[in-house]
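Reader: I have a chain open in the viewer and some questions about how it is put together. Please keep the answers short.

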Amino acid sequence: HTEGRTRARHKLSSVAPLKPYNAEKKDVELILVKEHNGVQYTSSSVAGSRTCPRTSSSADREDRETWGKKLDFLLSVIGFAVDLANVWRFPYLCYKNGGGAFLIPYIMFLFIAGMPLFYMELALGQYNREGAATVWKICPVFKGVGYTVIIIALYVGFYYNVIIAWSLYYLFSSFTSELPWQHCNNTWNSPLCKDPKLINGSSLLGNASYAKYKRTPAAEFYEREVLHFHESQGIHDLKEPRWQLTLCLVVVVFILYFSLWKGVKSSGKVVYITATMPYIVLLVLLIRGITLPGALNGIRAYLHIDLKKLNSPEVWIEAATQIFYSLGAGFGVLIAFASYNKFENNCYRDAILTSTINCVTSFFSGFAIFSVLGYMAHEHGVSIKEVATEGAGLVFIIYPEAISTLPGSTFFAIFFFIMLLTLGIDSSMGGMEAVITGLTDDFKILRRNRKLFTFVTAFGTFLVALLCITKGGIYVFTLLDTYAAGTSILFGVLVEAVGVSWFYGVDRFSEDIERMMGFKPGLYWRLCWKFVSPVFLLVVVIASILTTRELKYDNYIFPYWANLVGWGIAMSSMMFVPLYAIYKFLSLPGTFKQVSLVYHIAYPPQSCGFQSDLSNCTALNFHMFNY
């Protein structure tokens, strides 16, 4: 029996060699080393004495770059979370789904799922001080989910930078006394182009709403001058990249590279401009917007409360998905940003503050958007419903057209597209930082050559993005936008939440937070992490799959093979979760049962305190008896 126990202990525990006998030392000292997330905490006691346990953490000695100032971190998180979706999606969703009534499920999901997930990722990154992949040293079998979110962040960079390039193209085009989308006398306009001043009443639009009408100068500027997609027959007919957009994309990539090449020391300074500028612009646009005729009608439509809408499951699903995507959990960005915090930083307060600012920004932007939409409806004699839209149609067609009719239109156009540019830049910086931090923490050779790796990453996103700025690039863009970070990111965060809450353990995670900040999370947070958030994510994943529709762009329906390619893109990131788990089990010696036992002992449901009774403690590694 003794021999069997010895063999088992060698297989399942770390047993350091005995030190030579020291005749002068008369007491027996037991040194227990508890390894938490790669951070070793030692507790020693001397038999026969009342010496208090002493603890030490290698995290205090870890040499890792930190933010220059606390404000650098806060602005970086706010800049990442507050992105284009806050402006071009939330206001329309709020209007479409019952106005003020939509805020009920939105705020509810914010508190029961959004904030807990936001808090969890910040705490996870800060405690372990690692990127999205290596943070899973807390439970290595889940490391695949780290690679999943890194790949997804990379995929998003492929097409998100294209939106920034479009914004830059519009910005350059705005430096004229007369905005190019103001009239139909341009070389790119079709013979069917119609002056907006001649459109008064929906009867002149046929079956289309004004927001979907393709013959206005603004719509033709976007589709025929910027995209040129009228020259493509579909996704099978991409043709060559637009050289003007290629130059804009080069500028965007250079901005990203020089913002990130020195790590958070450089990116932390860029966000002072990119994270604050949108608020200045939104305030200017709101002040101008509420002075326009019809503005109050637009704001009333935005806030109109229709409680009957809450009877529709679609409203709740859209509120859930919006709060998830708006806060940006699951992309590895929050983990990466928090990993550069000081160990004792109060990430609880940061999570509450930044997530609240993000949601308030979404609500506030709705006033700036709908005051102008009310003006547009007033000018053309149509209802708010006719001009309300979301996405690129809002920020690249409807809003620029409204700006072009105002006195000082050039000034407001420049301001507006600077806002879009900054909203996109700091969100793209966050995504690229997640990729860089995640991989440089995992592969030390990349860390030693961070500047080169940053350049390779930026250049790689540029090469793939070229597909999105061809004359048929809008189809590639739509494909990536639909599949690259749809169901896959929801799946990734679901696995992450389950891994932290059920495999690593909420109690152990709470102890980690207590070591950082001196207090444990309350019962509310622990219940959300263990039950509410995983259930919320599971429902959203199922809803995402069930509501998948035929892929199309306007009237163009994508071929069947394009949908297969899309699901292939989604699966290419999700497959890292099971593949890495299988690899981890197969790479360990012994039978499946033995390997499972190793993981059970290494990652038990409950963690041991430093003064736990040895018979009840399975997480301790007995390193040595020191005589």
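Reader: In which helix does S326 lie?
Author: This is a predicted model. In it, S326 belongs to a helix that covers residues 313-327. That helix is α12.

Reader: Is S326 buried or exposed?
Author: The cut-off for buried is under 20% relative accessible area. S326 has a relative accessible area of 2%. S326 is therefore buried.

Reader: Which residues is S326 in contact with, leaving aside its neighbours within four places in sequence?
Author: Take the contacts in sequence order. A81, N86 and Y106 are among them. The list is completed by N358 and S362.

Reader: Which residues does the UniProt annotation "binding site" cover?
Author: The annotation comes from an unreviewed UniProt entry. It includes S326 and N358. Also covered are G79, A81, V82, N86, L423, D426 and S427.

Reader: What is the largest C-alpha distance within that annotated set?
Author: The annotated residues are spread over 349 residues of sequence. They nevertheless cluster in space. The largest C-alpha distance among them is 14.2 Å.

Reader: Is L423 buried or exposed?
Author: L423 lies in helix α17, residues 409-442. Leaving aside neighbours within four places in sequence, its contacts are V82, D83, L84, V87, Y160 and P278. Its relative accessibility is 3%, so L423 counts as buried.

Reader: Which helix gives the most to the largest nonpolar core?
Author: This core has 193 residues. One helix, residues 143-173, gives 21 residues to it. That helix is α6.

Reader: Which residues have the most contacts inside that core?
Author: Two residues share this role, and they touch each other: W166 is in contact with F396. Beyond four places in sequence, W166 also contacts Y222, V226, L227, L245, I474 and F477. The residues with the most contacts inside the core are W166 and F396.

Reader: How many salt bridges does a search of the whole structure find?
Author: One of them joins K214 and E223, with the closest N and O atoms 2.9 Å apart. R64, D441 and R447 are linked in a network. The search of the whole structure finds 17.

Reader: How many residues apart are K269 and D72?
Author: Their side chains meet in a salt bridge, 2.9 Å from N to O. K269 is in helix α9 (residues 264-274) and D72 in helix α2 (residues 70-81), so the bridge links distant parts of the chain, 197 residues apart.

Reader: Which residue of the K269 and D72 pair is buried?
Author: Buried means under 20% relative accessible area. K269 has 44%, so K269 is partly exposed. At 0% relative accessibility, the buried residue is D72.

Reader: Which helices does the salt bridge between D442 and K143 link?
Author: The closest N and O atoms of D442 and K143 are 2.9 Å apart. D442 is buried at 16% relative accessibility, and K143 is buried with a relative accessible area of 16%. The two residues are 299 residues apart, and the helices are α17 for D442 and α6 for K143.

Reader: Where is the pLDDT below 50?
Author: The protein chain averages a pLDDT of 85, and 83% of the residues score at least 70. Two stretches fall under 50. One has 109 contacts beyond near neighbours in sequence, and the other has 57 contacts beyond four places in sequence. The stretches are residues 1-61 and residues 605-627.

Notes: Residues are numbered from 1 along each chain as its sequence is written. This is a predicted model: local features need pLDDT of at least 70, side-chain atom pairs count only at pLDDT 80 or more; totals for chains, interfaces and linings use all residues. Side-chain values use heavy atoms; hydrogens and water are left out. pLDDT is the predictor's confidence in each residue, from 0 to 100. Contact means heavy atoms within 4.5 Å. UniProt positions are given in the numbering used here, feature names are shortened, and annotations may be inferred rather than shown by experiment. Helices (H or I, at least four residues) and strands (E, at least two) are DSSP runs, numbered from the N terminus. Buried means under 20% relative accessible area, exposed over 50%, partly exposed in between (1.4 Å probe, protein chains only). A nonpolar core is a set of buried Ala, Val, Leu, Ile, Met, Phe, Trp, Tyr and Cys residues joined through side-chain atoms within 4.5 Å. A salt bridge is a side-chain nitrogen of Lys or Arg within 4 Å of a carboxyl oxygen of Asp or Glu.
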